[in-house]
Every structure is written in structure tokens, then in C-alpha cells.
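Got the viewer open? Here's a short tour, one selection at a time.

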Amino acid sequence: MTIPRRRFLALSSAAALLPTLTACAGGGRTSGNIQYWWAFNNQLQRDFFQRMVVDAYPGPVRVDLTVKPNSSIDQLTQTALAAGTGPDLVATAGPAQVAAYAAAGYLLPLEPYAQKYGWDKNLAPWALAASLVDGRLLALPASYETMIMLYNPATLRAHGWTPPQDRGAFEAICTEAKGKGLIPVAAGNADWRPASEWWVTMALNHYAGPDAVHQALQGRLPWTDPVFVDAITLLSQYYRAGWWGGSVEDYFTNSFPQLYAKLASGDAVFMITGSWALSEILAYFGTPAGNDATWDWAPLFPLRAGVPALVWDLGIGSTLSINAHSPIPDATADYLNFQVSDPRRQARGIAEAGLQPAPVHLTKADFPPSADERRSRLYVALSNAATIGYTTWTFFPQQTDTRTYTYFDKVFTGQLSAADYCAGLDKVFRKELQLGKVPTAPAPNGLAQ
Amino acid sequence: MSATIAPARAPSRRRHRPARRRALIAWAFMLPLIAINALVVLGPSVSALYFSLTDWSGLGSARWIGLDNYLELASDPEFLGAVWHNILWTAFFLVVPMAMGLFGAFALTRIRRFRLLFRVAYFVPYIMATVVTAAVWKNLLSPQLGIGKVLGINALGSTSLALPAVAIVNNWAWWGFLVVVFLAAMQDVNPNLYEAAALDGAGAFGQFWHITLPSIRPTFMFLGLMTIIWSFLSFDYVYILTQGGPAGATDVLSTLLYRDAFTSLRAGYASAIGVVMAAISGIVVLTYLVVRKRKGWAI
């Protein structure tokens with residue numbers, strides 16, 4: 001059989017392009033259902049979510065849940081949205097990402113649905129305010145988190161300590177613990193390089209105070225203000241004293257499993273971390289770990305006189321939006337409402353799977369009787385928060401946030417002064433503020449501006 | 001001697017048709033590759049060049065900012081630090097694994113028994129998944145589990161030791177590949193040259209220096225060239241072992257590019273870093289081509 005030359009050339013070209021075009025077309029919808037991508041920390045969470053949040057949805061349109069890896073869901077979503085496809089319900093890691101998607105026109109405004117479903121009544125005002133982009137509601141907070149201090153009660157008892165309620169008590173315990181060869185604060189960033197920003201968040205909100213941070217986020221106070229420089233200096237001193245992770249070098253190689261194990265064994269005294277740890281910690285304490293260790297938590301304490309005694313550093317762990325290209329926005333909004341409403345389902349998610357809840361108001365009565373008292377106590381306290389602080393990963397624009405942890409590592413390793421760190425932060429922040437990239441920060445009393 | 005020059009025959013369409021047909025068929029076979037390369041190499045390269053002149057976030061539209069990204073790069077301490085780390089990395093890989101590869105291959109040419117066994121043993125780390133190798137070494141270097149505990153050194157946590165430590169791990173997986181390639185080249189060297197050299201009283205080092213090295217120069221130069229290019233693209237071991245830490249001590253251009261593109265959402269700036277990386281590789285290749293032409297090397 002002979003093939004004419006032109007036909008052969010045409011066929012060759014088509015054959016070459018076909019796989020590429022097929023690949024490009026991937027990611028489109030395969031059914032009329034609501035397409036939803038989400039990532040989970042473990043199988044328990046995944047099973048609960050499938051059962052209680054996906055299968056239990058009574059709406060007329062079913063939901064197709066596609067599980068993506070935690071490490072790449074953001075990039076996958078970003079790529080799909082850029083290609084004009086992606087899920088109907090768009091998940092992001094927080095307001096800074098929402099702002100970027102909003103600027104690109106990927107998200108549908110939610111105001112009509114907010115009014116229809118009464119989201120302003122169901123969800124915490126601070127969380128809704130933090131989800132605004134240029135005054136427009138383009139995302140709903142799907143989960144929120146705070147900073148807490150974990151400890152092993154037996155370790156504190158053995159040394160005659162109690163959870164510190166001020167800087168003096170904290171420093172006294174750290175000094176004594178270090179002298180005894182213990183790690184005062186189980187900390188490290190080997191598994192998650194941005195972890196350093198957790199403690200920068202603590203220093204800013206509990207030394208400088210939420211009022212100062214709020215003013216700075218609005219551009220009314222520079223990050224070079226001495227109160228911020230002093231906050232960073234203090235935290236850096238803690239690191240250099242070997243309080244964070246045992247030593248500066250160990251801090252960079254401490255992994256989370258090692259740190260939890262040290263907390264359980266009594267080799268470490270405290271762990272200052274996010275509320276997400278309440279689901280991670282279970283594997284290292286009690287029966288699952290083959291020990292009789294227990295854990296508890298306490299709120300963070302002020303590091304300077306004049307800072308409120310109880311400040312809850314709040315962060316939005318994830319948000320949900322509606323894809324501007326979704327052919328079924330109304331059905332998607334209905335499902336979105338289902339997911340972020342019902343305090344009892346949120347409380348069950350906390351109790352049974354360690355899921356982070358949407359910022360709905362929770363009371364003790366919302367939790368099932370079997371719920372771990374430590375978890376329910378935290379979220380009931382958060383629902384009644386009088387003063388909030390600002391996590392850097394939620395309220396800082398993207399470039400400033402990255403700088404927060406990459407450059408702070410240079411401060412406590414002695415490569416950069418606290419003043420230069422703050423000056424660099426301020427420079428990048430001013431630029432992003434000018435470009436309108438700073439997420440809306442509600443006032444410290446939890447109410448929107 | 002006389003010669004007559006016959007008048008040139010007019011070109012015949014008939015005689016040229018097979019040649020043209022062959023050329024067309026050759027192009028037809030190349031077309032798929034050209035199409036794919038245009039799609040996945042040329043297209044992104046041109047767009048990266050364009051985006052490097054914008055403030056693109058990686059999402060939505062881009063705003064033209066001219067050379068601002070490049071001007072910022074020139075004074076960005078993170079970028080300059082990463083370039084310096086890449087230079088150190090390149091120097092290390094041009095010297096240590098190349099020397100180990102040459103020595104290992106030369107040693108293998110001198111033995112007859114177990115040669116295959118050693119070749120396999122050297123090569124196995126190269127075919128292991130990077131993530132596996134890195135995880136094994138992470139534990140080995142851990143100050144709580146492995147060598148680090150015994151020696152009391154936390155290599156991956158030290159700002160002065162982390163880069164050499166990562167380079168050593170990468171080298172562990174890399175040098176065996178060089179051994180195999182150098183060995184293949186050395187086996188092509190005419191054995192009579194060694195016999196003649198031995199008769200002239202040359203020892204093992206003399207034979208290596210005066211016969212082996214000049215004979216495998218094309219392979220040596222090629223691997224040197226590729227080492228420079230690959231060194232400026234290195235990413236995997238650095239990212240898995242340290243993610244650029246501690247405190248940026250192992251940040252190289254590729255980890256910086258990744259962070260700017262996907263964490264800071266500065267795809268335009270990341271594109272500028274990518275263009276600089278490509279430019280460095282281009283300069284290296286051009287320099288090599290010029291030297292090759294001047295020296296009259298075949299490769």
C-alpha cells in the first residue's frame with residue numbers, strides 16, 4: 001500500500017498533535033454533578049468527609065469529590081482555573097490566594113447567595129470580613145485555626161510547673177528546662193519550612209499586640225516600628241538560647257513526628273503550634289503510641305505588658321469559592337451552604353475526625369457526648385473570642401508572607417538584624433499594599449471594619 | 001596532461017526527485033518531534049521570556065514592566081546568594097565526581113575479576129529514585145539517628161555544612177554514572193598505546209595522564225559541559241533534603257524560582273530567574289563551541 005506524500009505528512013502531523021491536544025483537554029467535567037477537589041490529612045478525615053459532607057448532601061445535584069494530594073492541590077487548581085476548567089467549588093489555602101484568583105477573574109461573587117442563605121448570621125464576622133477582596137465576597141472560610149500551646153501535664157507536674165500565663169513565667173520555665181537538658185519548646189521546620197512563621201505570628205500578636213498588627217496591616221503603622229523590631233528580637237533571642245527545638249541547628253532538622261514524640265516522652269516541655277495539631281497529636285499519645293502519656297493545651301500568653309491577656313491568633317485554613325466558569329453556580333452555592341452551615345455537623349467533624357471547622361458559632365451542646373473535652377473546649381472558647389490576633393499566612397499578602405519565614409530564619413542564625421528584617425518586610429508589604437494585595441483585616445475585637 | 005571539461009549537464013528534474021523525496025520523508029519523520037518541541041520547549045521558552053518582562057502572578061493577566069525584574073534580580077540578595085551556591089555546586093561537581101569517576105573507571109580497567117560487579121555496584125545509586133536516596137541520607141545524617149549522632153554533627157542543620165552535605169549526597173548517586181561512561185570510553189582506547197607506554201617505562205599514572213586522558217577527551221569535555229548545565233538546573237536533592245534551608249544556605253536558582261513562582265506568586269520574577277538560568281547554560285555552550293572550533297576538536 002502506498003500513501004501519498006501529502007497525506008502522509010498530514011497524518012504525521014495529526015498523530016503528533018493528537019496526544020498533546022488530548023492531554024490539554026483533560027480535566028473537563030465528566031458528569032453534570034458538582035465537581036469538588038479537596039485534600040485530607042488522613043483516611044479517617046477522608047472517610048468522614050465522604051460520608052457526612054458529600055454523601056449526606058440532600059441537594060438535587062450530587063457531588064463528585066476528587067481527592068488531591070495536600071502538597072499539590074493548590075498548583076493543580078491554579079493550573080485548571082488558568083485553563084478555564086477546574087472544579088465547580090474552588091478550594092484555596094486562604095485569603096491571599098483568593099485575592100490572586102479574584103484578580104484573574106476566576107471566582108463568582110457570592111453576595112447574592114450570602115443574602116439568600118444568611119451567611120452573615122451563621123459565620124463569624126471576623127472570618128467573613130477576612131474573606132472580602134476589595135469589599136466583595138468571593139469566598140467563604142471553610143476551616144479556621146488558631147495558635148495554642150500543647151503540653152504534657154505529667155511533665156509539668158514532675159517539675160512543679162504550670163502552664164505559663166505571662167512572659168516571666170514562660171521564660172522561667174524555659175530557663176529551668178534548658179538547664180535540665182530538656183527542650184523548652186518542641187519546634188522545628190524540617191518538614192514544613194514555613195513553620196517559622198507560626199512563631200513570628202506569636203511574637204507579633206503577643207508582644208507587639210493585635211492592635212499594632214492591625215494598624216500595620218492597614219498601612220497606618222510601619223513594620224519598622226520599634227514594637228515589631230523588639231518582638232522579632234525577643235523571638236530571635238529565644239531561638240539563640242536554644243529554647244526552640246533544642247538548638248538553632250536542631251531546629252532546622254527537627255521533624256514533627258520527632259517533636260510530638262519528645263513532648264510525649266517528657267523530653268520537651270511545650271509545643272507552640274496551630275490547632276491542626278489536635279488531630280496529628282493523637283498518634284503519639286496513649287494507646288496508639290503504646291505509652292500512657294496524655295496531652296492538653298493552653299492559650300498563648302502576653303509577652304509584653306499592655307497586650308491583652310487572651311488573644312486568639314486566628315487564621316483561615318481554607319476557603320471555598322464558586323468557579324466563574326461553573327455551569328451550575330446555583331447548585332454549587334447550595335452545596336457550599338450545606339458544607340459551611342450546621343454547627344452540629346461541624347462539631348462532629350472535629351470530634352470524630354479532627355477536621356478543622358468552618359467558623360460557625362459552636363457551643364458545648366453542639367458536640368456529641370463522645371467528643372474529646374480538650375477539642376470541644378478549644379472551639380467553644382474560639383467561638384467566644386473577644387480579641388483576635390492575625391496569623392501571617394492568612395492576613396499577609398503572598399510575597400510578604402513568604403518573606404516572613406524565609407528571612408526570619410536568617411535573623412536567628414545571625415545573618416540579619418531584626419531591624420533589617422522588619423525594614424525588608426515593610427518594603428515588600430508597602431508594595432503589595434499599594435497593589436491592593438493585602439487581605440482585609442477585621443478589627444481585633446472580631447468585627448469587620 | 002590535458003583535460004577537457006565536459007559541459008555540465010542540465011539538471012534533470014527526474015534525477016532530483018528521489019533526493020527531494022528522501023528529504024521530505026526525513027522531514028516528515030522529524031515533524032512530530034518538531035511539533036512537540038515547539039509546543040513544550042519553544043512555546044514556553046518564548047512565553048517565559050515575555051513573562052519575565054511582566055509582573056505576572058501566574059494567574060490572570062500580566063502587566064508589562066520592562067526590565068524591572070532583571071534590575072531587581074541584580075540587587076536581590078536571595079538571587080545573588082543562589083547564584084553563588086550554584087557556582088559552588090558546579091565547582092564541586094566539576095571536580096569531585098569527575099575525579100572519582102575517572103579514577104574509578106581507570107581502576108576498573110586494571111582489574112579483570114569482579115569488574116561487572118563493581119560496575120553494577122557503582123551504578124545502582126544512580127538508578128535509585130531520588131526521593132528514596134534522599135530519605136535514606138536524611139536519616140543517615142540525622143543528629144538523632146545516624147552518622148550525625150555518632151559524630152555530633154548536624155550537617156543539614158548547619159548553615160556552613162548543609163550545602164556540602166547535600167552535594168555529597170547528590171554525588172553519591174551521581175559518580176557511579178560517570179564511572180560507567182568513562183569506562184566505556186576508556187575501553188575504546190587502543191591497548192597498543194598502553195603497551196608502548198609501558199615499554200617506555202610509564203607507570204600507571206603516566207599511562208593515565210598521557211594516554212587515557214587525551215584519548216577520552218571528547219567524553220571528558222562532554223560530561224564537563226553537561227555537568228555545568230545540570231549543576232545550574234539542580235533541584236531535587238536540595239528540595240527534598242533542605243528545601244533551600246537552613247536559612248537559605250542551600251538555596252539554588254531552581255529552588256528560588258520554584259518558591260517565587262508557586263509560593264510568592266511572582267511568576268514574572270520567577271521567569272526572569274529562569275531566563276538567567278537559560279542564559280548561563282547558553283553562555284557555557286557557546287564558550288565550549290568557540291573553544292572547540294579554535295582547538296579543532298571533533299566534539
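Is helix α11 of chain A largely enclosed by the rest of the structure or left open, and why? Bear in mind that this is a predicted model, then select residues 210–217 of chain A. Six of the eight residues in that helix are buried, so α11 is largely enclosed by the rest of the structure. To see them, show A:Pro210, A:Ala212, A:Val213, A:His214, A:Ala216 and A:Leu217 as sticks; these are the buried ones.

Next, bring up what surrounds the helix. The buried residues of α11(A) pack against three helices and a strand of chain A: α10 (196–208), α12 (226–240) and α19 (392–395), plus β11 (388–390). Before leaving, click on A:Gly219, which follows α11(A) and has a positive phi, near 85°.

**On to a strand**

Now pick β3, residues 89–92 of chain A. In a regular strand, side chains alternate between the two faces of the sheet. Here both faces are covered. A:Leu89 and A:Ala91 sit on one side, A:Val90 and A:Thr92 sit on the other, and all of them are buried.

Which strand runs antiparallel to β3(A), with four bridges joining the two? That's β10(A). For a pair to zoom in on, try A:Thr92, which stands opposite A:Thr319 in β10(A).

**Colour by domain**

Keep β10(A) in mind and colour chain A in two parts. Domain 1 takes in 34–145 + 315–377, and domain 2 takes in 146–313 + 389–434. Their centres, taken over C-alpha atoms, are 28 Å apart.

Where the domains meet, 13 residues of domain 1 of chain A are in contact with 16 residues of domain 2 of chain A. On the domain 1 side, the elements giving two or more residues are α4, β10 (312–322) and α18 (373–383) of chain A. α4(A) has the largest share there, with three residues. By type, that side of domain 1 splits into five nonpolar, five polar and three charged residues.

**Last stop: the other chain**

Finally, turn on chain B. How many residues of chain A are in contact with chain B? The count is 31 residues of chain A, against 30 of chain B. On the chain A side, select α1 (5–25), α3 (73–82), α4 (95–103), α13 (248–253) and α20 (398–412), each of which supplies at least two residues. α1(A) gives the most, with nine residues. Colour the chain A side by type and you'll find 11 nonpolar, 14 polar and six charged residues.

One helix deserves a second click: α4 of chain A contributes to the side touching chain B, and α4(A) also contributes to the side of domain 1 that touches domain 2.

Key: Residues numbered from 1 in each chain as written. Chains lettered and ligands numbered in written order. Predicted model: local features only at pLDDT ≥ 70, side-chain atom pairs only at ≥ 80, totals over all residues. Contact = placed C-beta atoms within 7 Å. Nonpolar A, V, L, I, M, F, W, Y, C, P; charged D, E, K, R; others polar. Domains from an automatic or database assignment. Buried ≥ 20, exposed ≤ 12 C-beta atoms within 10 Å, placed from the backbone. Pairing = 2+ DSSP bridges.
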